[in-house]
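The report that follows reads through a single protein chain, moving from individual side chains to the chain as a whole. Please keep the sequence and the coordinates at hand while reading.

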Amino acid sequence: MSLTGTPFFVTAIALAVLAVALPLALWGRVRGPLLVRGLARLAMVGFAQVTAMLVVFVAVNNANGLFSGWDDLLGREDHVDAALDLGPDGLGGRRIAELPRTEQTFRPVAAPLDGRVRTTLLEGQVSGVTAEVYVWLPPQYDDPAYRNVRFPVVELFSGYPGTPSSWFAGLHVTEQLEPLMRDGRVAPFILVAPRTKLLGDADAGCANVPGVVNAETWVSVDVRKMVTDHFRAVTTPDGWAAAGFSAGGHCAAKVALAHPDRYRYAVSMSGYNDPAAEPDSVTARDPALRRANNPLTLLRDAPAPPRLSLLYTGDGDDGYRQGLDLRAAARPPTRVEVRRVVGGHRTSTWAGEVPAVFTWLTERLEGAGAAASSVRR
């Protein structure tokens, strides 16, 4: 039975109801020595507690997309087929323009997500990763008036643990943005959510670690190429952004700073700079990898300030201070905006930021040359 399916949730509720009914029916009928009666009643209480926790866990998981199935929950799900040393650019000597066209089949995701969200299982040509990717097309995409328009793209990264459904189930991103897109207050972005939890029991951190995982190449090369191959998406950096919360915020800032030739904007909500902030990070275990995958280090060590706009949000050490550190190190044309957002490190806080984040992206997009045509009505 699927961890995320309705049948399992209904079963969990039924077990919880049964766990309450059993003590009411059997508490006074238990027979035997005192020890036996005590253990039997303790078992009934324990069963009630376990089933109650199970209902809460399943409800939270379904609402936030933390785990996609039993193997994911138990740390047995690994999406890495190979992890070659791809070099500093993450391409291993290959050119993106020369890669074969991807051929993908898309299907609607299961309820209760937005029925217009599609998913596909992508075999990365360069990264050696095979995982699911969610795609949502804006309401203007099928409008005949936009048939010649290429749309800007935002890659959405979840926290850890998390699945591609996190932004849709937990942050309700499409429910919030669709009316704003129809009204012209937010640009009609294509939303793309690739799986970033690629290792069974560790956080890949959107990093390339030879012999372990090429997560950076997965999101910035393979997923990006799949989108431009299959959809009318802007192909230049001016039309691409990365956004994430928590560990996903770290990913968004990191891939954008590492590849300003692929992204022009990044949003980090309650994200961190130092990979060691996530104890399960594969890059936190090695000092050199830890430094190489720190957005602050990437910015300071860049040969020239990248043409990049970043937005950091959070409070205190939960994203805000990290943004201030990055802003202090930035030099034009790098721009870093930092916003204090209270509410804590939780899904409801990030969900409340969605309209403001995409308004911020729209405002920057309007001044980005060719990509601006995608937001004009």
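## Arg264 and its partner

In this predicted model, the side chains of Arg264 and Asp238 are joined by a polar contact of 2.9 Å. Arg264 lies in the loop between helix 7 and strand 9, the latter covering 265–269, and its relative accessible area of 11% places Arg264 among the buried residues, because buried means under 20%. Once neighbours within four places in sequence are set aside, the contacts of Arg264 comprise Pro237, Asp238 and Trp240, together with Arg307, Leu308 and Ser309.

## Glu178 in helix 5

A second charged residue for which a side-chain pairing can be described is Glu178, which belongs to helix 5 (residues 173–182). The side chain of Glu178 makes a polar contact of 2.8 Å with the side chain of Arg182. Glu178 has a relative accessible area of 16%, and since the limit for a buried residue is under 20%, Glu178 is counted as buried. Beyond four places in sequence, Glu178 is in contact with Asp114, Arg116, Trp136 and Pro139.

## Helix 7 and its surroundings

Helix 7 runs over residues 247–258, and for its twelve residues a rise of 1.5 Å a residue predicts a span of 16 Å, which agrees with the 16 Å between its end C-alpha atoms. Eleven of these twelve residues are buried, so helix 7 is largely enclosed by the rest of the structure. The buried residues of helix 7 include small ones such as Ala247, Gly248 and Gly249, but also His250 and Lys254.

Cys251 is located in helix 7 and, with a relative accessibility of 5%, counts as buried. Leaving out residues up to four places away in sequence, Cys251 touches Phe157, Gly205 and Cys206. Cys206 is itself buried, at a relative accessible area of 1%. Although Cys251 and Cys206 are in contact, the structure holds zero disulfides. Cys251 can also be placed relative to Val219, from which it is 32 residues apart in sequence and 9.6 Å apart in space, taken C-alpha to C-alpha.

## Nonpolar cores

Which residues have the most contacts inside the largest nonpolar core? That core has 53 residues, and the ones with the most contacts inside it are Ile190, Trp218, Val227 and Leu310. Apart from this core lies another, of 33 residues, which has Val154, Val173, Val354 and Phe358 among its members.

Leu310 can be followed further through its own contacts, again without residues up to four places away in sequence. Leu310 touches Ala253 and Leu257, both of which are buried residues of helix 7. The other residues touched by Leu310 are Ala266, Leu326, Thr334, Arg335, Val336, Glu337 and Trp360.

## The chain as a whole

The secondary structure of the chain comprises eleven helices and eleven strands. Of its 377 residues, 53% count as buried, while the chain exposes about 16700 Å², with carbon and sulfur atoms supplying 57% of that area. When contacts between residues at least 6 apart in sequence are considered, 71% of them join residues at least 24 apart. The pair of Cys251 and Val219, at 32 residues apart in sequence, offers a separate view of how sequence distance and spatial distance are related here, with 9.6 Å between their C-alpha atoms.

Key: Residues numbered from 1 in each chain as written. Predicted model: local features only at pLDDT ≥ 70, side-chain atom pairs only at ≥ 80, totals over all residues. Heavy atoms only, no water. Core = buried A, V, L, I, M, F, W, Y, C linked by side-chain atoms within 4.5 Å. Buried < 20%, exposed > 50% of the residue type's maximum accessible area, 1.4 Å probe, protein only. Contact = heavy atoms within 4.5 Å. Disulfide = S-S within 2.5 Å. Helix = DSSP H or I, 4+ residues; strand = E, 2+ residues; numbered from the N terminus. Areas by Shrake-Rupley, 256 points an atom, 1.4 Å probe, with all protein chains shown as cover. Expected span 1.5 Å × (residues − 1). Polar contact = N/O pair within 3.5 Å; in protein donor to acceptor, adjacent residues only side chain to side chain.
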